[in-house]
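Here is a short briefing for a first look. Please keep the sequence and the 3D view open while you read.

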Amino acid sequence: MLALSFYLALLVVFLTIACYYKFLYRKRRDGEPPVVPGSFLFGNAGDFNKQAVQFLLDSREKYGNIFTLRLLTQHMTIVMDPHSFENFSHERNFDFDVIQKQVNHNVFSFELADAKRMLKEAGKTVKGKFLHRSMKLYSSHLQDAYNQISHTDVNGNVLNGKPTDWKQIELREMICKTLFTALFYTIFGKGNEHDVFKPLTVFKNFNQFHKYFNFLWLGFPVKMFPKALEALKVLCQQPTSDEYLRREDISDYIRFSTEFMLDHDQTEQDIIGHNLVYLHVNYNTFRMTCWAVYYLLENRLGLKALTEEIRNAIRKKIDDMGGIEEGESVPFNLEEVSSLPILDSVVKETLRISSGVFMVRGISEDTEFEMEDGSKYNLRKGEKVAVYPPALHRDPEIFESPNEYKYDRFVDAKFYKYGKEVKHPLLAFGSLCPGKRYALTQAKWYLITLVHMFDMELLPGEATKEDTRYYGHEILPPTNDVQIQYRLKENFHQLTFV
Ligand code: HEM
């Protein structure tokens, strides 16, 4: 018996060592970036999970602007020099396709046929004239949503009191009922009353599903998480592709992608999976806007400055029009929405603080990567390479008091590192996101109209912060929700997006 136990123990030790050498061990070769020491089993995953930003900033201090980590079985080289961002983005052997495939396959259970072409072409449908068309639709859905929350209570019953009375609600619920609802209808069209796939149901289930995103992305099967599975089942109860294509008010993105996928013989289930990916990217706009409103409610000086800026822009517009009649609305176009400096800074500062994204690429060939300062490093085919925007966004050498929210930080500002201007100080959209302008314009329009139409306050003692357990998500969720009160202002001219 003793002998058997001894041999079993020996076998376990032997297998552990064999697995270590097969899956975890990696000897640094000449010309490769330094390797950050970590634990025998998990590598650097423990430190990274605990305090990703601080851990990377400390590693940069010790090992320089490029170093390699091991996160469980995955070796990943991190580029910490903001000046090398363009070299990173333009390197042909750094491939986003594998990452996109991993998300589609592991989280949404489908594979996109001819993915590069599809994403390139579909990306055009949120720009130029399409952006304008979709903004018009979005602003009109948003106005309906504002009317709804002004004239009904939190349960949707018609109000007894006046719309200008204070009403209490959770901040995210308010933004779900307005921005998320408007976004949802802009993407999928209004559909009919009996659809399961409706904004509030989808929002509730998407929230639930999203909590497991990092596990699913890493390859854990969804069946391991009963709550995620339950939510996913509801999210999959969507209209057929045929029905979507019959809707006149569906977005150009969904129309294009559905037709493209049908042309490539993809199944209805694939199309449903892809629709959820599209919802996922748009959900970032929701999260970003929640933070923008929250930070403004916490920083009343910022809210005051933004309110002034918007008031002045409206006043100027009315003057330019030679005055307007009562009940007439004030038109704003894309350029005007984009050209308000405080609003622009508020949104950028929000992204700087709340962004949790990892810009990861698969290395498709052994590559000699050149940093901006001319130093060269060998990177191995099959491993990953990444830029980690949250660490750069909180770099005290680029941003003064980086953990502080400053609403006007980006007004007429330039940022420097090593005495040289940082060309891309804000990396929340990575280098590839086609929805950047679309998301920014939607968020800005939301903030303009919200601040113009409503008074809002955090209820006493209400506070939240970014939940850093979710680093990896494009925008971090909050640790908890907060209660606010809001009321419709009196005597304002409606704004219209033209
Ligand atoms: C606040 C809102 C958003 C944020 C923060 C965000 C951020 C990102 C980031 C960080 C990436 C990865 C880019 C890289 O690694 O270089 C990405 C990719 C992508 N985003 Fe966005 N995004 C947002 C909204 C949107 C919207 C509204 C769309 C709708 C068109 C969109 C469509 C996409 C697509 C299709 C990709 C994949 C691109 C590819 O595979 O080439 N995103 N986004």
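The points below cover a ligand shell, a sheet with its helix, and one residue in a helix. The model is predicted. In it, 24 residues surround the ligand. Three strands form an open antiparallel sheet.

**Around the ligand**
- The closest residues to the ligand are Asn284, Gly430, Leu432, Cys433 and Gly435.
- Three helices each supply at least two residues of the shell: α5 (115–123), α13 (268–298) and α18 (436–453).
- Helix α13 gives the most, with five residues.
- By type, the shell holds 15 nonpolar residues, eight polar and one charged.

**The sheet and its helix**
- The strand order is β4-β13-β12, with antiparallel pairing.
- Strands β4 (167–170) and β12 (454–458) stand at the edges. Each has a single partner strand, so one side of each is left without a neighbour in the sheet.
- From one strand to the next, the twist averages 30°.
- Four bridges join β4 to β13 (residues 483–488) in the antiparallel sense.
- Ile169 has Ile484 in β13 as its bridge partner.
- Helix α7 (residues 171–188) lies across β4 and β13. Its direction is at about 95° to β4.

**Ala9**
- Ala9 sits in helix α1 (residues 2–24).
- Is Ala9 buried or exposed? Ala9 is exposed, because 10 other C-beta atoms lie within 10 Å, and a residue with 12 or fewer counts as exposed.
- Ala9 and Gly273 are 264 residues apart along the chain, and their C-alpha atoms are separated by 46 Å.

Definitions and conventions
Residues are numbered from 1 along each chain as its sequence is written. This is a predicted model: local features need pLDDT of at least 70, side-chain atom pairs count only at pLDDT 80 or more; totals for chains, interfaces and linings use all residues. A residue is buried if 20 or more other C-beta atoms lie within 10 Å of its own, exposed if 12 or fewer, and partly exposed in between; C-beta atoms are placed from the backbone. Two strands pair if DSSP finds at least two bridges between them. Axes are lines fitted to C-alpha atoms, for helices over the stretch in contact, and angles run from 0 to 180 degrees between N-to-C directions. Two residues are in contact if their C-beta atoms, placed from the backbone, lie within 7 Å. A residue is near a molecule or strand if its C-beta atom, placed from the backbone, lies within 6 Å of it. Ala, Val, Leu, Ile, Met, Phe, Trp, Tyr, Cys and Pro count as nonpolar, Asp, Glu, Lys and Arg as charged, and the others, Gly among them, as polar.
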